[in-house]
Amino acid sequence: MVVVVGLLVAVWCAGFAAISVWFELTDHFGVGQYADDATAISVVNWFVAVLKVVGAAVALLAVSRSSRFLAPRIVGTLLWAALATLAVYVVGSIAQAVVMLTGVVGDAEQVDASAVGYLLAFLLAATGFGILAASYARRAGLGARLMLIGFCGGPAVLGSILVVLPAILQAVGLLSAP
């Protein structure tokens with residue numbers, strides 16, 4: 001069962017990475033409302049694509065018989081970090097939807113079936129990484145310290161994508177001011 005979860009999570013990550021690559025190959029952000037920031041968006045998109053490929057690899061390492069590439073404590077920490085990253089993203093997206101639906105900020109009409117489906121896809125991936133992380137930690141005899149370190153990595157990953165990287169891109173002139 002865990003092997004199937006690992007394979008499905010790896011496919012999910014690879015599929016989302018393929019979408020990022022497709023965006024780049026088709027110059028998806030080169031036209032329209034984001035055209036002025038297309039270079040900055042491309043940098044972020046490639047960064048996120050690499051994270052998705054790493055996620056796929058970590059999911060596969062979680063279900064492999066033995067990891068010749070990384071120590072079990074590293075794989076375990078990465079699994080908990082992936083879970084935390086996705087869980088924080090899901091909780092943040094739910095909070096955003098709630099404030100939009102209650103009329104506090106934004107437009108409630110943006111919370112449509114595709115937005116809910118997107119959120120559910122991330123919730124499924126977070127659940128998958130949770131199953132993998134718990135199973136791997138049990139099999140490898142990993143302690144709570146590695147779980148805590150991994151969980152701290154989730155907000156750090158999101159912070160790097162949502163705050164640090166845009167700040168750097170804005171500082172070097174690739175991203176327009178908000």
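Axes here are lines fitted to C-alpha atoms, for helices over the stretch in contact, and angles run from 0 to 180 degrees between N-to-C directions. Helices are DSSP runs (H or I, at least four residues), numbered from the N terminus. The model is predicted: local features need pLDDT of at least 70, side-chain atom pairs count only at pLDDT 80 or more, and totals for chains, interfaces and linings use all residues. Residues are numbered from 1 along each chain as its sequence is written, and side-chain values use heavy atoms, with hydrogens and water left out.

**Stop 1: H2 and H3**

Select helix H2 (38–63) and helix H3 (72–101). They pack at an angle of about 125°, with their axes 10 Å apart. That makes H2 oblique to H3. The angle classes are: under 35 degrees roughly parallel, over 145 roughly antiparallel, 65 to 115 roughly perpendicular, and the rest oblique. H2 passes H3 in a left-handed crossing (the near helix is turned anticlockwise from the far one by less than a right angle).

Now show the side chains. Val-58, Leu-61 and Ala-62 of H2 make the contact with Val-75, Leu-78 and Leu-79 of H3. Contact means heavy atoms within 4.5 Å. These residues divide into six nonpolar, no polar and no charged. Ala, Val, Leu, Ile, Met, Phe, Trp, Tyr, Cys and Pro count as nonpolar; Asp, Glu, Lys and Arg count as charged; the others, Gly among them, count as polar.

**Stop 2: Arg-73**

Stay on H3 and pick Arg-73, which is found in this helix. Leave aside its neighbours within four places in sequence, and Arg-73 is in contact with Leu-142 and Leu-146. Next, draw a line to Val-163. The C-alpha atoms of the two residues are separated by 28 Å, and the residues lie 90 apart along the chain.

**Stop 3: H2 and H4**

Keep H2 and add H4. Their axes are 9 Å apart, and the packing angle is about 40°. That makes H2 oblique to H4. The crossing is left-handed. On the H2 side, select Gly-55, Ala-59, Leu-61, Ala-62 and Val-63; they meet Phe-129, Leu-132, Tyr-136 and Arg-139 in H4. The contact divides into seven nonpolar residues, one polar and one charged.

**Stop 4: H1 and H4**

Swap H2 for helix H1 (residues 2–25), and keep H4 (residues 113–140). The two axes come within 9 Å and cross at roughly 135°. That makes H1 oblique to H4. This crossing is left-handed. From H1, residues including Val-9, Trp-12 and Phe-16 take part, and H4 brings Tyr-118, Phe-122 and Arg-139, among others. The contact holds 13 nonpolar, three polar and one charged residue.

**Stop 5: the largest pocket**

Turn on the surface. The largest pocket has a volume of about 1,800 Å³. On a 1 Å grid over the protein atoms alone, where a 1.4 Å probe fits, a pocket is an open set of points with protein on both sides within 12 Å along at least five of seven lines; lining residues have an atom within 4 Å of a point. Volume is the space filled by probe spheres set on the points, which are joined across faces, edges and corners.

Which residues are closest to its centre? Select Val-48, Lys-52, Tyr-89, Tyr-118 and Phe-122, out of 46 that line the pocket. H1, H2, H3, H4 and helix H5 (144–171) each supply at least two lining residues. H3 gives the most, with eleven. Colour the lining by class: 36 nonpolar, eight polar and two charged.
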